[in-house]
Amino acid sequence: VDSTTPLIQSLIIVTIIVKEAELRQVQALRRCCLCASGNVLSRPTLISLYFDCLVRPTMAGARKTVKVGIIGGSGLDDPDILEHRQEHTVKTPFGEPSDVLVSGRIGEVDCVLLARHGRKHSVMPSNVNYRANIWALRELGCTHVIATTACGSLREDISPGHVVILDQFIDRTTKRAQTFHDGGKDSPKGVCHLSAATPFHHGLRKVLIDTVRQLHIPHHEAGTVVTIEGPRFSTRAESCIF
């Protein structure tokens with residue numbers, strides 16, 4: 001989905017490189033953020049990393065009231081991270097989102113959690129209704145979206161356990177709706193072209209980078225994610241392209 005759409009102020013994706021063996025050994029929430037040493041980050045550390053930083057006066061020189069949409073996958077989809085949880089069924093012009101949305105609070109921050117693949121992990125990546133997911137978060141008043149993805153690395157210097165704050169992406173998918181601006185009845189009117197030269201929000205990236213520095217988490221302050229259609233992984237020849 002176009003990250004430049006005015007529906008959501010900010011979209012940022014945090015990539016965590018993880019080991020499959022370690023994923024089976026830790027709880028669903030914690031398995032998304034493993035340190036390079038193999039030590040699991042505590043829940044307060046996770047909260048500090050992803051959310052508490054958003055209420056600090058670093059984005060525009062003053063405190064802002066934000067509501068964070070969390071698109072969780074491969075671990076960060078556990079509703080137990082939220083206090084005062086409430087479920088919401090949201091209908092959108094683009095159909096149903098992946099699952100019900102769960103609102104609540106993490107510390108002082110209002111948040112809305114959505115499991116990308118459904119709470120039973122039953123939705124294949126090619127079948128995720130990405131437009132409905134973004135629309136539903138907007139309907140519940142989200143001002144920022146943080147999405148995580150657990151993936152492999154094509155660079156030896158990016159090791160399992162490292163956090164990557166992405167600044168670019170390469171889209172190799174073929175079956176997914178790419179935009180809200182498709183000329184449909186619920187599309188914004190008129191013909192338009194949207195710049196994706198800088199796809200992720202600079203201010204939100206800076207907050208996350210400052211936070212992982214303070215927490216001394218192994219990280220990379222820029223990176224490019226390559227998304228392929230799946231369910232198969234790339235061939236060696238395809239991987240060598242990147």
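**Notebook: strands, cores and two buried residues**

I began with the strands and found that β2 and β5 pair in the parallel sense over six bridges; two strands pair if DSSP finds at least two bridges between them, and helices (H or I, at least four residues) and strands (E, at least two) are DSSP runs, numbered from the N terminus. I note that this is a predicted model, in which local features need pLDDT of at least 70 and side-chain atom pairs count only at pLDDT 80 or more, while totals for chains, interfaces and linings use all residues. Residues are numbered from 1 along each chain as its sequence is written, and side-chain values use heavy atoms, with hydrogens and water left out.

I then looked up single bridges: Val-68 has Cys-111 as its bridge partner in β5. β2 also runs parallel to β6, joined by four bridges, and here Ile-71 stands opposite Ala-147. Of the six residues of β2 (67-72), five are buried, where buried means under 20% relative accessible area, exposed over 50% and partly exposed in between (1.4 Å probe, protein chains only).

Next I looked up the largest nonpolar core (buried Ala, Val, Leu, Ile, Met, Phe, Trp, Tyr and Cys residues joined through side-chain atoms within 4.5 Å). This core has 16 residues, and those with the most contacts inside it are Ile-71, Leu-101, Val-112 and Leu-137. Two or more residues each come from β5 (109-115), α3 (130-139) and β6 (144-151), and α3 gives the largest share, five residues. I recorded a second, separate core of twelve residues, including Val-68, Val-102, Ile-106 and Leu-113.

For Leu-114, in strand β5, I read a relative accessibility of 0%, so this residue counts as buried. Its C-alpha atom is separated by 5.1 Å from that of Ile-71, although the two are 43 residues apart along the chain. Leaving aside neighbours within four places in sequence, I listed the contacts of Leu-114 (heavy atoms within 4.5 Å), among them Ile-70, Ile-71, Gly-72, Ser-98 and Asn-133.

That list led me to Asn-133, which is placed in helix α3 and is buried at a relative accessible area of 2%. Not counting residues up to four places away in sequence, Asn-133 touches Pro-97, Ser-98, Leu-114 and Val-128. A polar atom of the Asn-133 side chain lies 2.9 Å from the backbone nitrogen of Ser-98.

Key
A polar contact is a pair of N or O atoms within 3.5 Å; within protein, one must be able to donate a hydrogen and the other to accept it, and residues adjacent in sequence count only if both atoms are side-chain atoms.
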